[in-house]
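Biologist: Hey, got a minute to walk me through this protein? I'd like to start with the charged side chains and then look at the inside.

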Amino acid sequence: MSQGQPRRPQQPAGQGENQEPIKYGDVFNVSGELANKPIAPQDAAMMQTAETQVLGQTQKGGTAAVMQSAATRNEQVGVVGHNNITDIAGEQGVSVAETDVAGRRIITEAVAGQVVGQYVQATPVMTSQVGAVQQNAITIGEALEATAKTAGDKPVDQSDAAAVQAAEVRATGSNVIIPGGLAATAQSAAAHNATLDRDEEKIKLNQVLTGATAKLPADKAVTRQDAEGVVSAELRNNPNVATHPGGVAASMAAAARLNENVNA
């Protein structure tokens, strides 16, 4: 299950046209310098190697496959050479990381430190009956704990605090903010961070969300409605009207989709 699924690049309409390169920002939810860089063949090769090392094979329709498709097209129209590598990708590298959370495997792929793909896979748990497989739905607390791992180094801002508050309300069924609870802690962290300039000094998401399940007085399986409420809260409080890759809203949305598949 993918969160932030990359958009497959469109093929050129004709070889005679002046073709613009396919850039990272065209197919991935990235920003800054990386967004304006053409995807190069050696970038794709690095991601293919990383996926193979961590996952055992390149994922069909996954990040490496999309990068390879874009790089091949860029090479065909002459904007990159076969041995080219994007400077920022070469300097900062690519990564594929696995995180196990409550019987789920979260795969996060990044280029130059920016998340370009996130996949959530269920890990079957064998019961005492031979051949029986138990699948448990992901709870709101578990989705928040996943965020602590996939976006843990992100400084808490108002959009994060709003998303955490929406998640807590959904979990507890109460609009009353619990003193010292997750929402109150996130709001305090966001207010504190707003007074600071240096990210190194700011409170990070993992400091707020690690152990989230134990910090919630009640919990429930994530539904599509829960995820939509959290996504809406994060969007409303983000000046760019966007959710953060691997953040609270993204983890809730991925959990909801996985739960729907489990219950199908």
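Modeller: Sure, we'll go through salt bridges, then a pair of strands, then the nonpolar cores, and keep in mind that this is a predicted model.

Biologist: How many salt bridges are there in the whole structure?

Modeller: A search of the whole structure turns up nine salt bridges.

Biologist: Which residue does Glu33 form a salt bridge with?

Modeller: Its partner is Lys37, and the closest N and O atoms are 3.8 Å apart. A salt bridge here needs that nitrogen and oxygen within 4 Å, so the pair counts.

Biologist: And which residues are linked in a network with Glu33?

Modeller: Lys37 and Asp87 join Glu33 in a network of salt bridges.

Biologist: Is Glu33 buried, partly exposed or exposed?

Modeller: Glu33 is partly exposed, because its relative accessibility is 46%, and the partly exposed class runs from 20% to 50%.

Biologist: What about Lys154, which residue does its side chain meet in a salt bridge?

Modeller: That would be Asp157, at 3.1 Å from N to O. Lys154 is buried, with a relative accessible area of 13%, while Asp157 is partly exposed at 31%.

Biologist: Got another one for me?

Modeller: Yep, Glu201 and Arg198 form a salt bridge too, at 3.4 Å from N to O. Glu201 is partly exposed, with a relative accessible area of 42%, and Arg198 is partly exposed as well, at 47%.

Biologist: OK, changing topic to strands. Is β3 mostly covered or mostly open?

Modeller: Mostly covered: β3 spans residues 104-111, and seven of its eight residues are buried.

Biologist: In which sense do β2 and β3 pair, parallel or antiparallel?

Modeller: Antiparallel, over eight bridges, with β2 covering residues 94-101. For one of the bridges, Ser95 is partnered with Ala110 in β3.

Biologist: Now the inside. How many residues does the largest nonpolar core have?

Modeller: The largest nonpolar core has 38 residues, and Leu144, Leu209 and Val230 have the most contacts inside it. Helices that each supply at least two residues of this core include α6 (140-150), α7 (158-172) and α12 (248-263).

Biologist: Why does this core lie between domain 1 and domain 2?

Modeller: Because domain 1 (24-122) and domain 2 (140-263) both give residues to it.

Biologist: Is there another core apart from that one, and which residues are among its members?

Modeller: There is another core, of 25 residues, lying apart from the largest one, and Phe28, Val30, Val66 and Val111 are among its members.

Biologist: Last one: what does Val230 touch?

Modeller: Leaving out residues up to four places away in sequence, Val230 touches Ala163, Ala166, Ala167, Val248, Ala249 and Met252.

Definitions and conventions:
Residues numbered from 1 in each chain as written. Predicted model: local features only at pLDDT ≥ 70, side-chain atom pairs only at ≥ 80, totals over all residues. Heavy atoms only, no water. Buried < 20%, exposed > 50% of the residue type's maximum accessible area, 1.4 Å probe, protein only. Helix = DSSP H or I, 4+ residues; strand = E, 2+ residues; numbered from the N terminus. Pairing = 2+ DSSP bridges. Core = buried A, V, L, I, M, F, W, Y, C linked by side-chain atoms within 4.5 Å. Domains from an automatic or database assignment. Contact = heavy atoms within 4.5 Å.
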